[in-house]
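Here are my notes on the model, set out as numbered points. They deal with the pockets, a surface patch and one loop residue.

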Amino acid sequence: MSLIGRLVVIFMGFLAACFVGGMIVVVALLFPEFADLGAGPVDEGAIDILLGFGFIFVSGFALVPAAVIVAITEALYIRSALAYAVGGGVVGLACYLGLVPFHSDTLQFEGVVRRHLEIMTGAGIVAGVVYWLIAGRNAGAWRNPPPPRKPPPPLPSQSRPDAR
């Protein structure tokens, strides 16, 4: 039963990390638009829709690389926040480079925008730390056996039935 509970915690941590990563991506990409003081008020409905799409985008592309990182950290009992931050950065980098065309003749990525690469890597780092806060601090703990139970205290002498 503890494995099922651990899987639920991992899933909730992944969802929270994807939500935070999506928020960072959306806010960072829209920041140049917010910097213009003449833009006027921002429609809150549009921001909600963008945050939803950012969450879907990040969670869809990050599922497989994040699952690999989670499997490695669970198998090796890795509980360091730094390991999750680095793993999140690698996942963010993989998500971005998965969208950029790769030229097989020159073995180079074509059209890499440095700012977008930094945004995705930074969002991955923050998402990794959020995952660590929710699920990573107890990685591999589901394998430890529960502590033995103490025997119940003895019954008082007056509570025993008479054996006749």
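1. The largest pocket of this predicted model holds about 430 Å³ of space. Its lining consists of 26 residues, and those closest to the pocket centre are F14, A17, C18, A62 and A66. Four elements give two or more residues each to this lining: α1, α2 (44-75), α3 (81-97) and α4.

2. What is the make-up by class of the lining of the largest pocket? There are 20 nonpolar and six polar residues, and no charged ones.

3. The second largest pocket has a volume of about 220 Å³. It is lined by 13 residues. Nearest the centre of this second pocket lie V25, V26, L29, F57 and M120. At least two lining residues come from each of α1, α2 and α4.

4. By class, the second largest pocket is lined by 11 nonpolar and two polar residues, again without a charged one. The absence of charged residues therefore applies to the linings of both pockets under the class scheme used, in which Asp, Glu, Lys and Arg count as charged.

5. On the surface there is a nonpolar patch of about 760 Å². Its members are I4, V8, V9, F11, M12, I125, V129, L133 and I134. The elements contributing two or more residues to the patch are α1 (2-35) and α4 (114-134). Which element gives the most to it? That is α1, with five residues.

6. V8 can serve as an example from the patch. This residue is placed in helix α1. Is V8 buried, partly exposed or exposed? Its relative accessible area is 47%. V8 is therefore partly exposed, because that class covers values between the 20% limit for buried and the 50% limit for exposed. The 47% is also over the 30% relative accessible area required of patch residues.

7. Y77 is found in the loop between α2 and α3. With a relative accessibility of 37%, Y77 also counts as partly exposed, because this value too falls between 20% and 50%.

8. Where does Y77 stand with respect to R137? The two are 60 residues apart in sequence, while their C-alpha atoms are 9.5 Å apart in space.

9. For checking in the viewer, I suggest three places. One is the centre of the largest pocket, with F14, A17, C18, A62 and A66. Another is the centre of the second largest pocket, with V25, V26, L29, F57 and M120. The last is the pair Y77 and R137, with the C-alpha separation of 9.5 Å.

How values were computed:
Residues numbered from 1 in each chain as written. Predicted model: local features only at pLDDT ≥ 70, side-chain atom pairs only at ≥ 80, totals over all residues. Heavy atoms only, no water. Patch = residues over 30% accessible without salt bridge, like charges linked within 9 Å, V, L, I, M, F, W, Y side chains within 5 Å. Areas by Shrake-Rupley, 256 points an atom, 1.4 Å probe, with all protein chains shown as cover. Salt bridge = Lys/Arg side-chain N within 4 Å of Asp/Glu carboxyl O. Buried < 20%, exposed > 50% of the residue type's maximum accessible area, 1.4 Å probe, protein only. 1 Å grid on protein atoms, 1.4 Å probe; cavity = no way out; pocket = protein on both sides within 12 Å on 5 of 7 lines; lining within 4 Å. Points joined across faces, edges and corners; volume = space filled by probe spheres on them.
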